[in-house]
Every structure is written in C-alpha cells, then in structure tokens.
Amino acid sequence: MPFNRGMRKRIAIDMDEVIADALSRHLELYNAEIDPAFTRDHLQGRHLGEAVPEEHRERVRQYVRNIGFFKDLPVIADSQEVIRDLQQNYDIFITTAAMEFPNSFVEKYDWLHKHFPSIPWTHMVFCGDKSIIAADYLIDDHARNFIGFGGEGILFNAPHNMHETGYRRVASWQEVREIFLGSK
C-alpha cells in the first residue's frame, strides 16, 4: 500500500550500516582490545557478536551501549550526495532503532545533524519497531525490519545479511541512485 496520499513518495532510510558505518567502529574496538587480525571477512553472514569466540561475545555486545560509540562513526560512501539528490524528488526520513540503545539517542541526533544537515529534525525517526513507519520504501540492512512494513523493503548489503533472500538488494548508494533517479 503506497503512503504518498497524493504527495511525493517517501523513502525511509536506516542509519547504522546504511549511512553510518558502525561495523568499522565495532571492528576497531575489537581489534584494539582482543584480536587485531579479525576482519569483515570473518563474519560470513553473521553479526560480529555471533562470529567471535563465545568468551568475547558479551564484551562485543556492550560496545554499542558505551557512551561515545555512535558519536563519530564514518559515513557510508556516497550516502550524503545521493540522499541530497533524492530529496529533490522524494520525502526522506531517517529511521533508526535508537530505542534499543538509549545512550545512542543524542549521539545519533548530533551525527545526523553534522553529516546530513539537509534532513530536518521532523524527518528523523527514533524508534523500535519499524513497522510503524508510513513510507513507500525502507532501505535497511536488517530484513527483520521489513516484517509488517507496508512499503517495499530494500536490503542494503552488510556482511551479516549476505545470505538473506527475498528482497531487492543494493550494494552501494550508487545502486540506490540508479533505482530511484536513474543513472547519473
């Protein structure tokens, strides 16, 4: 069911692993603290917390709960430019599961304001269950967020979702551009 109700179509965009590179921060912390040789290649369809030895899993799960984790994450390549271009034709909403990690709220808000100043605060949605999002599309790295979502879910590639099927998939922001704006 489309949600545009006669207006421009809406694209909801997840934050972590779609526009903000949280995995790099996870790996940076894990490499510095536990195993300097661990890379993305070790994930093979799993989250970091599933791929590391059992004795390190709880420590890894705590990283996102630490104050400062989300403060200065790297920006995913081309996301800023493509999102600015998408805003010419679509209503863009950033939808992030900040409620799962309550300490992240201010850091995520400040990060968005710094790196995506064209996104107004009225288009930043800090939520838990993304099925409440009324949009035509949701670009997310977790297929679980498409359950109950009324629009089309588009899966953004991440090491943990490499075995996920059943959804349109994009590997980069240039592929997002092609879907919604055609070639540049």
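What do the buried residues of α1 pack against? They pack against α2 and α3, and I would like to start from there and walk through the chain with you.

A word first on what we are looking at. This is a predicted model, in which local features need pLDDT of at least 70 and side-chain atom pairs count only at pLDDT 80 or more, whereas totals for chains, interfaces and linings use all residues. Residues are numbered from 1 along each chain as its sequence is written, and side-chain values use heavy atoms, with hydrogens and water left out.

Let me begin with helix α1, where helices (H or I, at least four residues) and strands (E, at least two) are DSSP runs, numbered from the N terminus. The twelve residues of α1 should span 16 Å at 1.5 Å a residue, and the end C-alpha atoms are 17 Å apart, which agrees; the expected span is 1.5 Å times one less than the number of residues. The buried residues of α1 are Ala22, Leu23, Arg25, His26, Leu27 and Tyr30, where buried means under 20% relative accessible area, exposed means over 50%, and partly exposed lies in between, with a 1.4 Å probe and protein chains only.

On either side of this helix there is a salt-bridge partner. A salt bridge here is a side-chain nitrogen of Lys or Arg within 4 Å of a carboxyl oxygen of Asp or Glu, and by this rule the count comes to twelve. Aspartate 21 and arginine 40 form one of these, with their closest N and O atoms 3.2 Å apart. The pair links distant parts of the chain, since aspartate 21 is in the loop between β1 (10-13) and α1 while arginine 40 is in the loop between α1 and α2, 19 residues apart. Aspartate 21 is buried because its relative accessible area is 11%, whereas arginine 40, at 34%, counts as partly exposed.

In the loop between α1 and α2 (48-51) we also find glutamine 44, whose phi is near 40°, a positive value in a residue other than glycine. That deserves a remark, because most residues other than glycine have a negative phi. Glutamine 44 has a relative accessible area of 53%, so this residue is exposed. Aspartate 78 also has a positive phi, near 70°, and it lies in the loop between α3 (54-62) and α4; at 35% relative accessibility, aspartate 78 counts as partly exposed.

Within α3 itself, glutamate 54 forms a salt bridge with arginine 57, the closest N and O atoms being 2.9 Å apart. These two residues are three places apart in the helix, about one turn, and glutamate 54 is exposed at 56% relative accessibility, while arginine 57 is partly exposed at 22%.

Let us move on to α5, which has twelve residues and reaches 16 Å from its first C-alpha to its last, close to the 16 Å expected. Which residues of α5 are buried? They are Ser104, Glu107, Lys108, Trp111, Leu112 and His115. Seen down the axis, these buried residues fall within an arc of 130°, so they line one face of the helix; the arc is that of the directions from the helix axis to the C-beta atoms. What covers them includes α4 (79-86), β2 and β3, and on the other side of α5, Val106, His113 and Lys114 are exposed.

Just after this helix, histidine 123 lies in the loop between α5 (104-115) and β3 (124-126). Histidine 123 counts as buried because its relative accessibility is 19%. Leaving aside its neighbours within four places in sequence, histidine 123 is in contact (heavy atoms within 4.5 Å) with Ile92, Phe93 and Ile94.

Before α5, methionine 99 sits in the loop between β2 (91-96) and α5, and this residue is partly exposed, with a relative accessible area of 47%.

I will finish with aspartate 140 and lysine 130, which form a salt bridge with closest N and O atoms 2.7 Å apart. Aspartate 140 lies in strand β4 (residues 137-140) and lysine 130 in the loop between β3 and β4, so the pair ties together parts that are ten residues apart in sequence. Both aspartate 140 and lysine 130 are buried, and together with Asp14 they are linked in a network of salt bridges.
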